[in-house]
Amino acid sequence: MKNKALICGLMISVSFGASALDVKQRFDHLDKDKDGFLIKSELDPQPQLLNDYQRWDKDRDNRISLLEFKHYLTNSLY
C-alpha cells in the first residue's frame, strides 16, 4: 500500500513538472526576441491568443510576462 501511494505521488509531481515545463516551452517559442515578454507582434501568428491579449495583460504594460502567460493558460485552457 505504501508503494502505491509513493508511486501515485511521484506520478503527480512529474505531471505538474511536465505541465510547467510545457508552459515555459510555449512561452519561449512565442518570445521571438527572447526578452522575457510577449508583445502583440509576437502573437500575430496566434490569433486565438491575440484576441484575449488585453484580458490577460493584468498589469496593463502592453506585454505579457511568463507569469501572466501561465495564469492565462491555466485559467483558460485547463
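# Exercises on charged residues and the core of a predicted model

Arg26 and Asp22 are both part of helix α1, 4 residues apart, or about one turn of the helix. The model examined here is predicted. The exercises begin with this pair.

## Exercise 1. Ion pairs along helix α1

Task: Determine which residue forms a salt bridge with Arg26, and which one forms a salt bridge with Asp28.

Solution.

Step 1. The starting principle is that side chains of opposite charge can pair when their charged atoms come close.

Step 2. For Arg26, the partner is Asp22, with the closest N and O atoms 3.1 Å apart. This value lies within the 4 Å cut-off for a salt bridge.

Step 3. For Asp28, the partner is Lys24, and here the closest N and O atoms are 2.9 Å apart. Asp28 and Lys24 also both lie in helix α1, with a spacing of 4 residues, about one turn of the helix.

Step 4. The accessibility of each residue is then added. Arg26 has a relative accessible area of 35% and is partly exposed; Asp22, at 27%, is partly exposed. Asp28 is partly exposed at 28%, and Lys24 is partly exposed at 35%.

Step 5. For context, the structure holds 4 salt bridges. Among them is one between the side chains of Asp61 and Arg63, at 3.2 Å from N to O. Asp61 is partly exposed at 29% relative accessibility, and Arg63 is partly exposed at 34%.

## Exercise 2. A buried glutamate in helix α5

Task: Establish whether Glu68 is buried or exposed, and identify the backbone nitrogen that its side chain reaches.

Solution.

Step 1. Glu68 is located in helix α5.

Step 2. Glu68 is buried and has no salt bridge. The nearest side chain of opposite charge belongs to Arg60, at 7.3 Å. Since a salt bridge requires a nitrogen-to-oxygen distance within 4 Å, Arg60 does not qualify as a partner of Glu68.

Step 3. The side chain of Glu68 does reach the backbone nitrogen of Lys58, at a distance of 3.1 Å.

Step 4. Leaving aside residues up to four places away in sequence, Glu68 touches Trp56, Asp57, Lys58, Asp59 and Arg63. Lys58 thus appears both in this list and as the residue whose backbone nitrogen is reached.

## Exercise 3. Glu42 and Lys34

Task: Identify the backbone nitrogens reached by the side chain of Glu42, and state which backbone oxygen lies 2.5 Å from a polar side-chain atom of Lys34.

Solution.

Step 1. Glu42 belongs to helix α2, residues 40-43. Glu42 is buried and lacks a salt bridge; Lys34, the nearest side chain of opposite charge, is 7.6 Å away.

Step 2. The side chain of Glu42 reaches the backbone nitrogen of Lys32 at 3.0 Å and the backbone nitrogen of Asp33 at 3.1 Å.

Step 3. Beyond four places in sequence, the residues touched by Glu42 are Leu30, Asp31, Lys32, Asp33 and Phe37.

Step 4. Lys34 lies in the loop between α1 and β1 (37-38) and is exposed, at 56% relative accessibility. A polar atom of the Lys34 side chain lies 2.5 Å from the backbone oxygen of Asp28.

## Exercise 4. The nonpolar core

Task: List the residues of the largest nonpolar core, and state which helices each supply at least two of them.

Solution.

Step 1. The core has 12 residues: Val23, Phe27, Leu30, Leu38, Leu43, Leu49, Tyr53, Trp56, Ile64, Phe69, Tyr72 and Leu73.

Step 2. Helices α1 (2-30), α4 (53-56) and α5 (66-76) each supply at least two of these residues.

Step 3. The core is set within a protein of 5 helices and 2 strands, in the order α-β-α-α-α-β-α. Buried residues account for 22% of the 78 residues.

Step 4. Of the contacts with a separation of 6 or more, 36% join residues 24 or more positions apart.

## Exercise 5. Confidence

Task: Identify the residues over which pLDDT stays under 50.

Solution.

Step 1. The average pLDDT of the protein is 78, and 72% of the residues score at least 70.

Step 2. Over residues 3-16, pLDDT stays under 50, and the model has 0 contacts beyond four places in sequence for them.

Step 3. Where pLDDT is low, the predicted coordinates should not be read in detail.

Note on methods. Residues are numbered from 1 along each chain as its sequence is written. This is a predicted model: local features need pLDDT of at least 70, side-chain atom pairs count only at pLDDT 80 or more; totals for chains, interfaces and linings use all residues. Side-chain values use heavy atoms; hydrogens and water are left out. A nonpolar core is a set of buried Ala, Val, Leu, Ile, Met, Phe, Trp, Tyr and Cys residues joined through side-chain atoms within 4.5 Å. Buried means under 20% relative accessible area, exposed over 50%, partly exposed in between (1.4 Å probe, protein chains only). Lys and Arg count as positive and Asp and Glu as negative; His and the chain ends are not counted. A polar contact is a pair of N or O atoms within 3.5 Å; within protein, one must be able to donate a hydrogen and the other to accept it, and residues adjacent in sequence count only if both atoms are side-chain atoms. Contact means heavy atoms within 4.5 Å. pLDDT is the predictor's confidence in each residue, from 0 to 100.
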